[in-house]
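The following exercises invite the reader to examine a structure step by step. Each task is followed by a worked solution.

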Amino acid sequence: MKREAYIVVVALLVAMAAGSVLILAFGQSPAQVYGMLMAHTWGDSYGLGQVLFKATPLVFTGLAVALAFRVGLFNIGVEGQMMVGAFATALVGASLPDGTPWVIAIVLAIGAGAVAGGALGAIPGYLRARFGAHEVINTIMLNFIAGALVLWAGRTWFFVEESTHTQTVIESARIPSLGMSGSAANLSCFLALIAAAGVWYFFERTRRGHEWRAVGESPLAAETAGIRIGRSITWAMAASGALAGAVGANFVLGYKHYFEEGIGRGMGFMGIAVALVGRNHPVGIVGAALLFGTLSQGGFAVNELVPKELVDVLQAVIILAVAATSAEVRRLATR
Amino acid sequence: MKALELRNVTKRFGAVEANKHVSLTVEAGTVHAVVGENGAGKSTLMHVAYGHARCDEGRIFLKGEEVSPARHSPAESIRRGVGMVHQHFMLIGPMTVAENVALGREPRRGLRLDLETAADELRQLAAKFGFDVDPDARIEDLSVGEQQRVEILKVLWRGVDVLILDEPTAVLTPAEVRDLFGVLRKLVADGMTVVLITHKLDEVVEIADRVTVMRRGEVVAELTGTLDVGAIATAMIGRPVLMQVDKRPASPGAAVLSLQRLRVRGRRGAAAVRDVSFEIRAGEVVAIAGVVGNGQSELVEAITGVRPIVGGTVALRGVDVSRAPVDRRHRGGLSHIPEDRQARGLVLEFSVAENLILGRAREHGTPFGLDLASVGANAETAIREFDIRPADADAPARALSGGNQQKVVVARELTRPGMTLLVCGQPTRGVDIGAIEMIHERLIAARDAGAAVLLVSAELSEIRALADRVLVMYRGKIVDQLDASQLALDSALERMGRGMLGVTA
Amino acid sequence: MIETLFSAAFFGQMLRITVPYMLAALGGTISERSGVINIALEGKLLVGAFCAALGAYYTDSVFVGAVAGVGGGLAVGALYALVVVRFRADQIVAGVAINLLALGLTRFLLKLAFDSTANSPPIESLASNVAAAPLFWVACVLAPAVHAVLMYSPFGLRLRAVGEHPEAAATAGVSVVRVRWAAVLIAGALAGLGGAWLALGSGGFVAEMSGGRGYVALTAVIMGKWRPLAATLASLSFGFAEAFQLNLQTAGVGVPSELVQMLPYVLTMVALTGFIGRSRPPGALGKPYQ
């Protein structure tokens, strides 16, 4: 545990240093920028609400990436899975009859999102299991493909006239907001916590989780012991996609109440950072999600001083720094 | 002149002292053997001498001149005329002999790589020492013996005159060992020095002029002149060695495993198992003798379900399992101790307890939750019964010694409910003597309890001690069979060796 | 429609589109043959494009733009090598991170240099006739050059050895670290040049203009079985697909534009399943060297 914390701290320092260079290049003061970032996130109710709102999908996508990673797979397709999931959630949420009890409505809508994301995730999983095709490129390709398909389907059938969004979901499918000075934070953040606990329980306390971990750590040993590798890979990618697809709960059911082009852009890729910084552990992922949610919201806050893309750079540097530091730590430990 | 001298070398790996104040002198123009059990520290010592590893204390002298540990490296050794042939060949499969040998010291013509000159020089060198080599052959197409010769050529081509060989005969047939020794004698006659690291005592006696015996990191004896196997063995182990197991003659029952005209393809699509048919009955141990790489691994993989078959059938107690997945074969009574315990037998990152239930998780709890108490109890029992050390169910498998890791695999596989066929690949490779004895006893016990046992081993002495029947495998076919009475004859070893080389009676 | 396919204009367009794929694929082949997976090709393309636009804008010279593009690619390559060769981080994670970094950084620098979030001002660009641009011929020469270096030079032998079996190469006295650094830097330079072609050919830098080409180039590497000339052929096929799709769009064939744009990506996925033939990657690909 101490080693993991050390890795994250070093990475953050490196990122802050890199960020400072960029801030100075833009003619601003790093202290002022970072200070403003903190003040407008954890410093006020609206900011904190926005942080929670942004952290929630990151928990889902982070869990998705981490789950796949623990089975030895790289799911870079969370972005696309998230999109089709949100789209499906919006469509189902809008087409239910008006009087549907809220439990059923919400379960069906989120379920549709999970199924859609899971189906998209299963494709590269199956291709890997059956043909050995590496899922990294396939998931990236599917991001592009899914994006194109969703846009086309929306423009052709589902978007409301003259707009880029779908119809609003029915009343009973909406997840209540948390208030917090008009921020977008809603109850789905608790769903995220439940999902995190669920993933932890699955891996540590169930038979299937034990088998999947074996596949991730040592596929040869798992195969020899009788564990079905192909099946595990396909289902793991599906589960990963399903987690990403459930994100619709936050954006669609809890905030906008419809699917809009560009919704949640970037949350999928940030999920990779969250999984890495969270060291693939549910507790770490929740923490990392809060970190990146803070960065994301903070980026908007400091946009008048420095372009918000600074945050994208920070995020990428954090990933690189964590990857480098953890490898170095591992190397020094086993020398 | 002293070709190699080590004074007071100490090397630690964490808390373990692999070499303790070791002093060693190798005279030029001799064959000097360094012997000891697995884990005695002989490989480590030579790695330190060669520059692969750095010692914590001590001084190293190559051909009379001191090398400081800080500046020592394999490149430095080669520069001073000392070369090493490793146990695990440092050869690149898809590349040719010439490319492998030339790598790092490439002859050039202008900017272009000049492999033709290298090839000519190689042919001359090989002819000088009495073996032939095709510089344009690809390494992966060569036999293990031929590959070893390429390794030797690699260092000879760089002009070394002190040659260190690490366990060179581990993967050779008796005839190939004779060829190798012929080459070594020619080298020494030409003025070179040979240092041999080995644990094969009968070979040592045949070729060595001097022997240094190591045990637990220290030098315990130096012997010259007429060498006596018994004396060396006792010095190595500290007590007389028994390669005998107490066993009653077998009384086999019905057929458990039945192979009919089995055909399996190996790496890169080449035929590895050709038309193999045999049966193993309950209550007998059948061993497959063969040089590594003649199809035994693929045969085992086909039987256990890890490799698909191309033709023929595999049947377990009459049920055709030729295309059945691994877990179905386990349910049909199969247990498997894989030959590569670190890659296939264990998940090194998992704890001992988790490894003990690998593939057997369904015996502990429901799909919705593992019964942790049951898993823990299972681990406690296994640790006790199989003497797994350290006695810690939560220790990661990676932290255990080779022998104890093997005990974990053996514990898991031997306690499978309903086991009727036990397949073992090299079950005692890299395992210390105490564990070897225990594993052998357990295998015989399984046989006596009615299981059919298939044993694949490269140690002929192990085969002779355990097997009721031996099948000799060469290039994917069964070329000879010996039953219990034929095995007991003195000529059995020679007969098996000939079969392993494809020489028909 | 069919006539357009065989016209000189189509052929020229196809070549024009192929160049960045080919250069990135050549770079990827060198890198992967040394054992380093190169998911970061996308980022190298993008940064190369941006630097080229920057260079061409300030000097009105295509040549300077190209050199700047190479420089940008080298810089990204150096960062990637630092993280992956020196620190031995996981190559796939690092590659994805580099691509994210390139995306954010180029947008940030776009704002900084040109005060825009979407595109740079127009720059001196390449002649519209592909054959008239000297850069095209440079690119054409690079393909056989890379092949020659890989197969016939001592450096190439060492590079291939390091990619198959780094321990063996090390015992032979080859510096694995140095060879891999060289390979990654070369990949960066080549991909940077490809990016320069993109920017110079379009008359400016547009945010995210690499558009997934780096990943497609990686697929070309795999399809070409890690051989430079075969990878070039594979790149050509992707160039054909993209040119074809563009012409489909303008021809107004009844297929919706979004679906047509998907074509190169679908083709990539099909290629990966091995319908085009599978083969063994370099033995040590993706494994950090201890």
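**Exercise 1.** Determine whether C:Thr171 is buried or exposed.

*Solution.* The relative accessibility of C:Thr171 is 10%, so this residue counts as buried. The classes are buried (under 20% relative accessible area), exposed (over 50%) and partly exposed in between, with a 1.4 Å probe and protein chains only. The model is predicted: local features need pLDDT of at least 70, side-chain atom pairs count only at pLDDT 80 or more, and totals for chains, interfaces and linings use all residues. Residues are numbered from 1 along each chain as its sequence is written, chains are lettered from A and ligands numbered from 1 in the order in which they are written, and side-chain values use heavy atoms, with hydrogens and water left out.

**Exercise 2.** Describe the surroundings of C:Thr171.

*Solution.* Begin with the element: C:Thr171 belongs to helix H8 of chain C, residues 166-171. Helices (H or I, at least four residues) and strands (E, at least two) are DSSP runs, numbered from the N terminus. Next, consider the side chain of C:Thr171, which has a polar atom 2.8 Å from the backbone oxygen of C:Ala168. Finally, set aside the neighbours within four places in sequence; C:Thr171 is then in contact (heavy atoms within 4.5 Å) with B:His52, B:His86 and B:Met90.

**Exercise 3.** Characterise chain C as a whole.

*Solution.* Chain C contains 13 helices and zero strands. Of its 290 residues, 56% are buried. Among contacts between residues at least 6 apart in the sequence of chain C, 79% join residues at least 24 apart. The exposed area of chain C is about 10,400 Å², with 67% supplied by carbon and sulfur atoms; accessible areas come from the Shrake-Rupley method with a 1.4 Å probe, and for residues only the protein chains shown count as cover.

**Exercise 4.** Establish how the radius of gyration of chain A relates to that of a compact globule.

*Solution.* The radius of gyration is taken over C-alpha atoms, and the globule rule is 2.2 Å times the number of residues to the power 0.38. For 335 residues the rule gives a value near 20 Å, and chain A has 20 Å, which agrees. Along its principal axes, the C-alpha trace of chain A spans about 60 × 60 × 35 Å.

**Exercise 5.** State which secondary structure chain A contains and what part of the chain is buried.

*Solution.* Chain A has 14 helices and zero strands. Buried residues account for 59% of its 335 residues.

Key: Polar contact = N/O pair within 3.5 Å; in protein donor to acceptor, adjacent residues only side chain to side chain.
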